[in-house]
Amino acid sequence: MNRQDFDVDPLDEATNFLYPFIDSHESDAGALLADLSRSAQAKAADSAALRLSSLQACRELLDKAGAELARRFTAGGRMFTFGNGGSSTDAATIAALFAQPAAGRPLPAWSLAADQAVLTALGNDVGFDLVFARQLIARAGPVDIAVAMSTSGNSADLLIALREARRRGLYTIGFAGYDGGAFADNPDVDVCFVVDSQSVHRIQESQALLGYQLWVTVQAEVGP
(Lines give C-alpha, C1' and ligand atoms only; values in the text may rest on other atoms or scores of the structure.)
Protein backbone atom coordinates (compact mmCIF):
# COMPACT_ATOMS: atom_id res chain seq x y z
CA MET A 1 0.00 0.00 0.00
CA ASN A 2 1.36 3.43 -0.95
CA ARG A 3 1.48 6.59 1.10
CA GLN A 4 -1.04 8.10 -1.30
CA ASP A 5 -3.61 5.65 0.03
CA PHE A 6 -3.62 7.46 3.36
CA ASP A 7 -4.81 10.95 4.26
CA VAL A 8 -1.88 13.35 4.46
CA ASP A 9 -1.60 15.45 7.60
CA PRO A 10 -1.69 19.11 6.45
CA LEU A 11 0.73 20.00 9.28
CA ASP A 12 3.27 17.61 7.80
CA GLU A 13 2.82 19.16 4.38
CA ALA A 14 3.30 22.63 5.88
CA THR A 15 6.87 21.74 6.85
CA ASN A 16 7.93 20.63 3.39
CA PHE A 17 9.10 24.06 2.25
CA LEU A 18 11.42 24.27 5.26
CA TYR A 19 12.56 20.68 5.55
CA PRO A 20 11.70 18.80 2.34
CA PHE A 21 13.75 15.80 3.41
CA ILE A 22 11.47 15.05 6.40
CA ASP A 23 8.82 13.39 4.25
CA SER A 24 11.33 11.92 1.85
CA HIS A 25 11.28 8.18 1.13
CA GLU A 26 14.96 8.21 0.31
CA SER A 27 16.51 4.88 1.35
CA ASP A 28 20.09 5.89 0.55
CA ALA A 29 21.65 7.28 3.75
CA GLY A 30 24.31 9.10 1.78
CA ALA A 31 21.73 10.89 -0.36
CA LEU A 32 19.73 11.84 2.73
CA LEU A 33 22.81 13.29 4.41
CA ALA A 34 23.55 15.21 1.23
CA ASP A 35 20.01 16.66 1.32
CA LEU A 36 20.52 17.66 4.96
CA SER A 37 23.82 19.33 4.13
CA ARG A 38 22.38 21.24 1.18
CA SER A 39 19.45 22.43 3.28
CA ALA A 40 21.73 23.69 6.07
CA GLN A 41 24.07 25.39 3.61
CA ALA A 42 21.19 27.09 1.79
CA LYS A 43 19.73 28.43 5.04
CA ALA A 44 23.13 29.66 6.21
CA ALA A 45 23.67 31.44 2.89
CA ASP A 46 20.22 33.03 3.03
CA SER A 47 20.82 34.17 6.60
CA ALA A 48 24.22 35.68 5.81
CA ALA A 49 22.90 37.53 2.77
CA LEU A 50 19.92 38.93 4.68
CA ARG A 51 22.05 40.03 7.61
CA LEU A 52 24.39 41.88 5.27
CA SER A 53 21.59 43.58 3.34
CA SER A 54 19.79 44.52 6.57
CA LEU A 55 22.95 46.02 8.00
CA GLN A 56 23.49 48.05 4.85
CA ALA A 57 19.87 49.21 4.69
CA CYS A 58 19.86 50.30 8.34
CA ARG A 59 23.32 51.87 8.47
CA GLU A 60 22.18 55.49 8.65
CA LEU A 61 19.47 54.66 11.19
CA LEU A 62 22.01 52.80 13.34
CA ASP A 63 24.29 55.83 13.36
CA LYS A 64 21.38 58.14 14.19
CA ALA A 65 20.03 55.94 16.97
CA GLY A 66 23.50 55.21 18.35
CA ALA A 67 24.27 58.89 18.75
CA GLU A 68 20.98 59.57 20.54
CA LEU A 69 21.36 56.56 22.83
CA ALA A 70 24.88 57.64 23.74
CA ARG A 71 23.61 61.13 24.56
CA ARG A 72 20.87 59.74 26.77
CA PHE A 73 23.09 57.22 28.54
CA THR A 74 25.60 59.99 29.25
CA ALA A 75 22.77 62.08 30.71
CA GLY A 76 21.80 59.24 33.06
CA GLY A 77 19.26 57.50 30.87
CA ARG A 78 18.39 53.81 31.03
CA MET A 79 17.26 51.30 28.43
CA PHE A 80 14.11 49.17 28.74
CA THR A 81 13.65 46.34 26.23
CA PHE A 82 10.59 44.16 25.64
CA GLY A 83 9.04 41.65 23.25
CA ASN A 84 6.87 38.54 23.06
CA GLY A 85 7.86 34.89 22.65
CA GLY A 86 11.19 34.51 20.89
CA SER A 87 11.45 38.28 20.63
CA SER A 88 11.39 38.49 24.44
CA THR A 89 14.59 36.45 24.55
CA ASP A 90 16.09 38.72 21.89
CA ALA A 91 15.09 41.73 24.00
CA ALA A 92 16.76 40.14 27.03
CA THR A 93 19.90 39.51 24.98
CA ILE A 94 20.15 43.16 23.93
CA ALA A 95 19.60 44.32 27.52
CA ALA A 96 22.34 41.96 28.75
CA LEU A 97 24.71 43.12 26.00
CA PHE A 98 24.39 46.73 27.09
CA ALA A 99 24.37 46.06 30.83
CA GLN A 100 27.03 43.35 31.04
CA PRO A 101 29.25 43.54 27.96
CA ALA A 102 32.29 41.30 27.63
CA ALA A 103 34.24 44.46 26.83
CA GLY A 104 33.48 48.15 26.87
CA ARG A 105 31.42 50.30 29.17
CA PRO A 106 28.44 48.76 31.04
CA LEU A 107 25.27 50.77 30.45
CA PRO A 108 22.01 50.46 32.43
CA ALA A 109 19.54 48.23 30.59
CA TRP A 110 16.72 45.90 31.64
CA SER A 111 14.35 43.52 29.90
CA LEU A 112 10.76 44.14 30.96
CA ALA A 113 9.94 40.53 30.01
CA ALA A 114 12.44 39.03 32.46
CA ASP A 115 10.45 39.14 35.70
CA GLN A 116 7.76 36.45 35.52
CA ALA A 117 6.17 37.59 38.78
CA VAL A 118 5.62 41.09 37.42
CA LEU A 119 4.43 39.81 34.03
CA THR A 120 1.91 37.37 35.48
CA ALA A 121 0.67 39.86 38.07
CA LEU A 122 0.04 42.55 35.46
CA GLY A 123 -1.40 40.07 32.99
CA ASN A 124 -3.83 38.83 35.63
CA ASP A 125 -4.71 42.19 37.19
CA VAL A 126 -4.83 44.64 34.28
CA GLY A 127 -4.57 42.53 31.11
CA PHE A 128 -1.74 41.27 28.95
CA ASP A 129 -1.87 44.25 26.57
CA LEU A 130 -0.58 46.47 29.41
CA VAL A 131 2.23 44.30 30.82
CA PHE A 132 4.96 46.52 29.37
CA ALA A 133 3.23 49.90 29.42
CA ARG A 134 2.50 49.61 33.15
CA GLN A 135 6.16 48.85 33.86
CA LEU A 136 7.21 51.93 31.92
CA ILE A 137 4.73 54.03 33.88
CA ALA A 138 6.31 52.80 37.12
CA ARG A 139 9.96 52.95 36.14
CA ALA A 140 10.75 55.12 33.11
CA GLY A 141 11.62 58.79 32.84
CA PRO A 142 11.97 61.26 29.96
CA VAL A 143 15.70 60.66 29.42
CA ASP A 144 15.27 56.87 29.08
CA ILE A 145 15.08 54.55 26.06
CA ALA A 146 12.43 51.99 25.02
CA VAL A 147 13.30 49.15 22.64
CA ALA A 148 10.46 46.98 21.29
CA MET A 149 11.35 43.78 19.44
CA SER A 150 8.90 42.00 17.14
CA THR A 151 8.89 40.00 13.93
CA SER A 152 5.53 41.37 12.75
CA GLY A 153 5.62 44.87 14.25
CA ASN A 154 1.93 44.51 15.05
CA SER A 155 1.75 43.24 18.65
CA ALA A 156 -0.80 45.22 20.63
CA ASP A 157 1.11 45.18 23.92
CA LEU A 158 4.24 46.53 22.22
CA LEU A 159 2.36 49.29 20.43
CA ILE A 160 0.67 50.37 23.66
CA ALA A 161 4.03 50.40 25.44
CA LEU A 162 5.60 52.48 22.67
CA ARG A 163 2.73 54.95 22.87
CA GLU A 164 3.23 55.24 26.64
CA ALA A 165 6.97 55.64 26.15
CA ARG A 166 6.37 58.45 23.65
CA ARG A 167 4.04 60.20 26.12
CA ARG A 168 6.79 60.09 28.74
CA GLY A 169 9.51 61.45 26.46
CA LEU A 170 11.49 58.25 25.98
CA TYR A 171 13.48 57.64 22.81
CA THR A 172 11.71 54.74 21.10
CA ILE A 173 13.23 52.07 18.89
CA GLY A 174 11.38 49.30 17.08
CA PHE A 175 12.76 46.12 15.53
CA ALA A 176 10.40 44.48 13.02
CA GLY A 177 10.34 42.14 10.04
CA TYR A 178 8.25 41.77 6.87
CA ASP A 179 7.32 45.36 5.89
CA GLY A 180 7.63 46.75 9.42
CA GLY A 181 3.94 46.37 10.23
CA ALA A 182 2.48 49.00 12.54
CA PHE A 183 5.96 49.95 13.77
CA ALA A 184 6.81 51.50 10.39
CA ASP A 185 5.91 55.16 9.87
CA ASN A 186 4.54 55.26 13.41
CA PRO A 187 4.67 58.59 15.29
CA ASP A 188 5.38 56.66 18.48
CA VAL A 189 8.56 55.10 17.02
CA ASP A 190 11.62 57.31 16.59
CA VAL A 191 13.63 54.70 14.70
CA CYS A 192 12.42 51.44 13.18
CA PHE A 193 14.87 48.77 12.00
CA VAL A 194 13.00 46.68 9.42
CA VAL A 195 14.33 43.31 8.24
CA ASP A 196 12.80 42.71 4.82
CA SER A 197 12.03 39.00 5.01
CA GLN A 198 9.06 36.64 5.26
CA SER A 199 10.90 34.13 7.48
CA VAL A 200 10.66 34.50 11.25
CA HIS A 201 13.93 32.61 11.64
CA ARG A 202 15.87 34.86 9.26
CA ILE A 203 14.26 38.01 10.71
CA GLN A 204 15.39 37.22 14.23
CA GLU A 205 18.88 36.30 13.08
CA SER A 206 19.24 39.66 11.34
CA GLN A 207 17.73 41.53 14.29
CA ALA A 208 20.41 39.99 16.52
CA LEU A 209 23.11 41.47 14.29
CA LEU A 210 21.40 44.87 14.16
CA GLY A 211 21.14 44.91 17.95
CA TYR A 212 24.82 44.09 18.25
CA GLN A 213 25.74 46.80 15.76
CA LEU A 214 23.64 49.30 17.70
CA TRP A 215 25.63 48.42 20.82
CA VAL A 216 28.93 48.81 18.92
CA THR A 217 27.85 52.25 17.71
CA VAL A 218 26.85 53.37 21.21
CA GLN A 219 30.09 52.10 22.70
CA ALA A 220 32.08 54.10 20.15
CA GLU A 221 30.15 57.22 21.12
CA VAL A 222 30.27 56.93 24.92
CA GLY A 223 33.92 55.90 25.13
CA PRO A 224 35.59 53.75 27.79
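Asp 144 counts as buried, because its relative accessibility is 1% and the limit for buried is under 20%. That makes a good starting point for a tour of this predicted model. From Asp 144 we can move to a salt bridge with Arg 78, and then on to an open sheet of five strands. The points below are grouped by topic, so feel free to follow them with the structure in view.

**Asp 144 and its surroundings**

- Asp 144 sits in the loop that links helix H6 (133-139) with strand S3 (145-149).
- Its side chain reaches the backbone nitrogen of Gly 141 at a distance of 2.7 Å.
- Setting aside neighbours within four places in sequence, Asp 144 touches residues including Arg 72, Gly 76, Gly 77 and Arg 78.
- Phe 80, Arg 139, Leu 170 and Tyr 171 are also among the contacts of Asp 144.
- With Arg 78, Asp 144 forms a salt bridge between side chains, at 2.7 Å from N to O.
- Arg 78 belongs to the loop between H3 and S1, while Asp 144 belongs to the loop between H6 and S3, so this pair ties together parts that lie 66 residues apart in sequence.
- The two partners can be told apart by their cover: Arg 78 is partly exposed, with a relative accessible area of 25%, whereas Asp 144 is buried at 1%.

**Other salt bridges**

- The structure holds eight salt bridges.
- One of them joins Arg 72 to Glu 68, with the closest N and O atoms 2.7 Å apart.
- Arg 72 and Glu 68 are four residues apart in helix H3 (residues 59-74), which means that about one helical turn separates them.
- Both ends of this pair are buried: Arg 72 has a relative accessibility of 10%, and Glu 68 has a relative accessible area of 18%.
- Another salt bridge links Glu 205 with Arg 202, where the closest N and O atoms are 2.8 Å apart.
- Here the residues are three apart in helix H8 (residues 200-222), so Glu 205 and Arg 202 are again separated by about one helical turn.
- Glu 205 is partly exposed at 30% relative accessibility, whereas Arg 202 is buried, with a relative accessible area of 15%.
- Glu 68, Arg 71 and Arg 72 are joined into one network by salt bridges that share partners.

**The sheet**

- Five strands make an open sheet in the order S2-S1-S3-S4-S5, and their pairing is parallel.
- S2 and S5 stand at the edges with a single partner strand each, so one side of each has no neighbour in the sheet.
- On average, neighbouring strands of this sheet are turned by 15° against each other, ignoring direction.
- Helix H4 packs on the sheet and touches S1, S2, S3 and S4, and its direction makes about 160° with that of S1.
- S4 and S5 run parallel and are joined by five bridges, and Gly 174 has Cys 192 in S5 as its bridge partner.

**A look at strand S1**

- Strand S1 (residues 79-83) is mostly covered, with five of its five residues buried.
- Met 79, Thr 81 and Gly 83 point one way from S1, while Phe 80 and Phe 82 point the other way.
- S1 pairs with strand S2 (residues 109-111) in the parallel sense over three bridges, and Met 79 stands opposite Ala 109 in S2.
- S1 also runs parallel to S3, with five bridges joining them, and here Phe 80 stands opposite Ala 146.
- Together, S1, helix H4 (residues 86-99) and S2 make a right-handed β-α-β unit.

**Two residues with a positive phi**

- Most residues other than glycine have a negative phi, which is a helpful background for the next points.
- Tyr 178 is not a glycine, yet has a positive phi of about 55°.
- Tyr 178 is found in the loop between strand S4 (171-177) and strand S5 (191-195), and is partly exposed, with a relative accessible area of 24%.
- Asp 185 also has a positive phi of about 55° without being a glycine.
- Asp 185 has its place in the loop between S4 and S5, and counts as exposed because its relative accessibility is 83% and the limit for exposed is over 50%.

Definitions and conventions: Residues numbered from 1 in each chain as written. Predicted model: local features only at pLDDT ≥ 70, side-chain atom pairs only at ≥ 80, totals over all residues. Heavy atoms only, no water. Helix = DSSP H or I, 4+ residues; strand = E, 2+ residues; numbered from the N terminus. Buried < 20%, exposed > 50% of the residue type's maximum accessible area, 1.4 Å probe, protein only. Polar contact = N/O pair within 3.5 Å; in protein donor to acceptor, adjacent residues only side chain to side chain. Contact = heavy atoms within 4.5 Å. Pairing = 2+ DSSP bridges. Right-handed = clockwise from strand over helix to strand, strands pointing away. Salt bridge = Lys/Arg side-chain N within 4 Å of Asp/Glu carboxyl O. Axes fitted to C-alpha atoms, helices over the stretch in contact; angles between N-to-C directions.
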